[in-house]
Amino acid sequence: IKNLWKMLDDMAENDPEAYEKFVTKNMTSRKKMLRPKAGTVLKGYASYGKKKVFINLTSHPAVSAPIGSNGKELLDDAPGWAAREIPLLVGDLRDDVKDKKDAKCLVVDVVFSPWVLKRIQSKGDRENEFKDHVANVAVNWVKDEHNLKISSWKYIKSLYKGGEGEQGFVPVVFSTKEENTKKEEEQMDND
């Protein structure tokens, strides 16, 4: 860190224009980092090339709970079917991951509120409908964000794919732009 400060001091003294540009860029593009909690995984296939795709459905308290028909966040005891808007974050598409058969595959994380993961991991016919709805929402957002059409998706018995750690089960760090909600900023500061 000392070297960093020295470099910035030198830059400010010797090249004020470059220093101002550096500071402006780094202040305006500041990102927050969070590590989501593993939840469950969708497996499907990319329409082009038929490459296997894993969508990790993860959670973090920085993501707001769904909004109900009254326009307010749903309470902890609300059922899944009451959700009208489901906030989420879509991560970067990773193509450097291999499956059990050592074949290259694509992996992307979708981060929801813990409220959502709690509902899709519970049992019951009504929650199964919500589970399918959440999967469709995730698949459609991944398609929109990464221009990646996914077919034949299904839930698999896994908490996370393509992560860190010896077996790849530790979710990767997720970065978000500072413009996200106040709740997210407060939560990240508390982590």
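# Exercises on a predicted model

Helix 4, residues 125-146, has 22 residues, and the distance from its first C-alpha to its last is 32 Å, close to the 32 Å expected at 1.5 Å a residue. The structure is a predicted model, and the exercises below start from this helix and then move to other parts of the chain.

**Exercise 1. Find which residues of helix 4 are buried, and what covers them.**

Step one is to list the residues of helix 4 that count as buried, which are Glu127, Phe130, Val134, Ala135, Val137, Ala138, Val139 and Val142. Step two is to recall a rule of helix geometry: an α-helix has 3.6 residues a turn, so residues three or four places apart point the same way. Step three is to look for the cover over these buried residues, which includes strand 2, strand 3, strand 4 (89-90), strand 6, helix 3 and strand 7 (150-156). A last step follows the chain out of the helix, where Asn147, just after helix 4, takes a positive phi of about 50°.

**Exercise 2. Decide whether Arg119 is buried or exposed, and name its contacts.**

Begin by placing Arg119 in helix 3, which spans residues 114-120. Next, take its relative accessible area, which is 5%; because the cut-off for a buried residue is under 20%, Arg119 is buried. Finally, set aside the neighbours within four places in sequence, and the contacts of Arg119 are Leu75, Asp76, Asp77, Ala78, Pro79, Gly80, Glu127 and Phe130. Two of these names, Glu127 and Phe130, also appear among the buried residues of helix 4.

**Exercise 3. Describe how strand 3 is covered and which strands pair with it.**

Start with burial: eight of the eight residues of strand 3 are buried. Then separate the two faces, where Lys52, Phe54, Asn56 and Thr58 lie on one side and Val53, Ile55, Leu57 and Ser59 on the other, and both faces are covered. Now turn to the pairing: strand 2 (residues 37-46) runs antiparallel to strand 3, with seven bridges, and Gly44 stands opposite Val53. Strand 6 (residues 104-112) is parallel to strand 3 and is also joined to it by seven bridges, with Val107 of strand 6 as the bridge partner of Phe54.

**Exercise 4. Work out the surroundings of Ser59.**

First, Ser59 belongs to strand 3, residues 52-59, and it counts as buried because its relative accessibility is 7%. Second, leaving aside neighbours within four places in sequence, Ser59 is in contact with Pro36, Lys37, Val111, Phe112, Ser113, Pro114 and Leu117. Third, compare sequence with space for one further residue: Thr40 is 19 residues from Ser59 in sequence, and their C-alpha atoms are 9.8 Å apart.

**Exercise 5. Identify the residues of the nonpolar surface patch and the element that gives the most to it.**

The patch covers about 300 Å² and is made by Met7, Tyr19, Phe22 and Val23. Helix 2, residues 16-28, gives the most to this patch, with three residues, and Val23 lies in that helix. Val23 counts as partly exposed because its relative accessibility is 31%.

**Exercise 6. Place these details in the whole protein.**

The protein has five helices and eight strands, which follow the pattern α-α-β-β-β-β-β-β-α-α-β-β-α along the sequence. Of its 191 residues, 40% are buried. Among contacts between residues at least 6 apart in sequence, 64% join residues at least 24 apart. The accessible surface comes to about 12,200 Å², and 50% of it belongs to carbon and sulfur atoms.

Conventions. Residues are numbered from 1 along each chain as its sequence is written. This is a predicted model: local features need pLDDT of at least 70, side-chain atom pairs count only at pLDDT 80 or more; totals for chains, interfaces and linings use all residues. Side-chain values use heavy atoms; hydrogens and water are left out. Patches are made of residues with over 30% relative accessible area and no salt bridge: like charges are joined within 9 Å, nonpolar side chains (Val, Leu, Ile, Met, Phe, Trp, Tyr) within 5 Å. Accessible areas come from the Shrake-Rupley method with a 1.4 Å probe; for residues, only the protein chains shown count as cover. A salt bridge is a side-chain nitrogen of Lys or Arg within 4 Å of a carboxyl oxygen of Asp or Glu. Helices (H or I, at least four residues) and strands (E, at least two) are DSSP runs, numbered from the N terminus. Buried means under 20% relative accessible area, exposed over 50%, partly exposed in between (1.4 Å probe, protein chains only). Contact means heavy atoms within 4.5 Å. Two strands pair if DSSP finds at least two bridges between them. The expected span of a helix is 1.5 Å times one less than its number of residues.
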